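Reader: Hi, could you walk me through this one slowly? I am new to reading structures.
Author: Gladly; have a look at it, and then ask whatever comes to mind.

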Amino acid sequence: MKIGMIVAMDKEYNQLRPLFPEDQVILQKSGIGKVNAALQTLEMIRQYKPDVIISSGCAGGNGDDINIQDVVVSSQLAYHDVYCGTAIGKSVYGQVQGLPARFEADPSLLQKALQMNQENLSIHPGLIVTGDWFVDSKEKMREIIGHFPEAKAVDMESAAIAQTCYLNHVPFISFRVISDIPLRDTDASQYHDFWNAIAQNSFQVTRTFIESL
């Protein structure tokens, strides 16, 4: 199986590259944000024709059961900063006109992810919402959660990768390590502490998943 993986930042790439032989996983860095993620995904599909694409990286978490270093596995993905309104047709908040309101993770990949048993790591299936905004305030997080109260994680790339995979018929799933809980944080201090102190070994769930494929 040819596996593609996309991360946004050098910090994530440097954590993940040592975990996989280069002939096992096509690992590429996209840069931050939806456009960068979509462009890199399309380039990967055209150049390498992977059988599956995995998004990996960190995200802000939401929910009473979510803690830093937990892993959210996408069951669904949507945009938190898209709204096409009702003037040109019926759509819901987060939906690009003409596309699904939510992108579904590949069922077989999701099932395999949920079968993993990781010591000292909690794995949560759920909705990941994506937008071009680093959530560094409780006010912004409350606004996002007001539209998506069930969201487990907020990031800046996953839904864009999911949309590109959907349009190109490539199975997709996202794994996001929780680096901070914006509603319990001030000025993204948890995010900085995550990279300074506890990021090491945070991507072992992704490694275990890929080894199971």
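**Surface, core and ring pairs**

Author: The protein exposes about 9900 Å², and carbon and sulfur atoms supply 48% of that area; accessible areas come from the Shrake-Rupley method with a 1.4 Å probe, and for residues only the protein chains shown count as cover. This is a predicted model, in which local features need pLDDT of at least 70 and side-chain atom pairs count only at pLDDT 80 or more, while totals for chains, interfaces and linings use all residues. Residues are numbered from 1 along each chain as its sequence is written, and side-chain values use heavy atoms, with hydrogens and water left out.

Reader: OK, and what share of the residues count as buried?
Author: Of the 213 residues, 54% count as buried, where buried means under 20% relative accessible area, exposed means over 50%, and partly exposed lies in between (1.4 Å probe, protein chains only).

Reader: How many helices and strands does the protein have?
Author: There are seven helices and eight strands; these are DSSP runs numbered from the N terminus, with helices (H or I) of at least four residues and strands (E) of at least two. The radius of gyration is 16 Å, close to the 17 Å that the globule rule gives for 213 residues, so the protein is as compact as a globular protein of that length. That radius is taken over C-alpha atoms, and the rule is 2.2 Å times the number of residues to the power 0.38.

Reader: Why is strand S3 said to be largely enclosed?
Author: Ten of the ten residues of strand S3, which covers residues 52-61, are buried, so the strand is largely enclosed by the rest of the structure.

Reader: And which strands does S3 pair with?
Author: Two strands pair if DSSP finds at least two bridges between them. Strand S1 (residues 3-7) runs parallel to S3 and is joined to it by four bridges, with isoleucine 6 partnering serine 55 of S3. Strand S8 (residues 172-180) is also parallel to S3, over eight bridges, and there isoleucine 54 stands opposite isoleucine 173. Strand S7 (residues 151-155) pairs with S3 in the antiparallel sense over two bridges, one partnership being that of glycine 61 with alanine 153 in S7.

Reader: Switching topic, how many aromatic pairs are there?
Author: A search of the whole structure finds eight. Rings of Phe, Tyr and Trp (its six-membered ring) pair if their centres lie within 6.5 Å, and planes under 30 degrees apart count as stacked, over 60 as edge-to-face and the rest as tilted. Tyrosine 79 and phenylalanine 103 form an edge-to-face pair, with 6.4 Å between centres and 85° between planes. The two are 24 residues apart, tyrosine 79 in strand S4 (residues 71-79) and phenylalanine 103 in strand S5 (residues 103-104), so the pair links distant parts of the chain.

Reader: Are those two buried or exposed?
Author: Tyrosine 79 and phenylalanine 103 are both buried.

Reader: What else touches them, say glutamine 163?
Author: Leaving aside neighbours within four places in sequence, glutamine 163 is in contact with Tyr79, Val96, Leu99 and Phe103, contact meaning heavy atoms within 4.5 Å. Glutamine 163 lies in helix H5 (residues 158-168) and is buried, with a relative accessible area of 17%.
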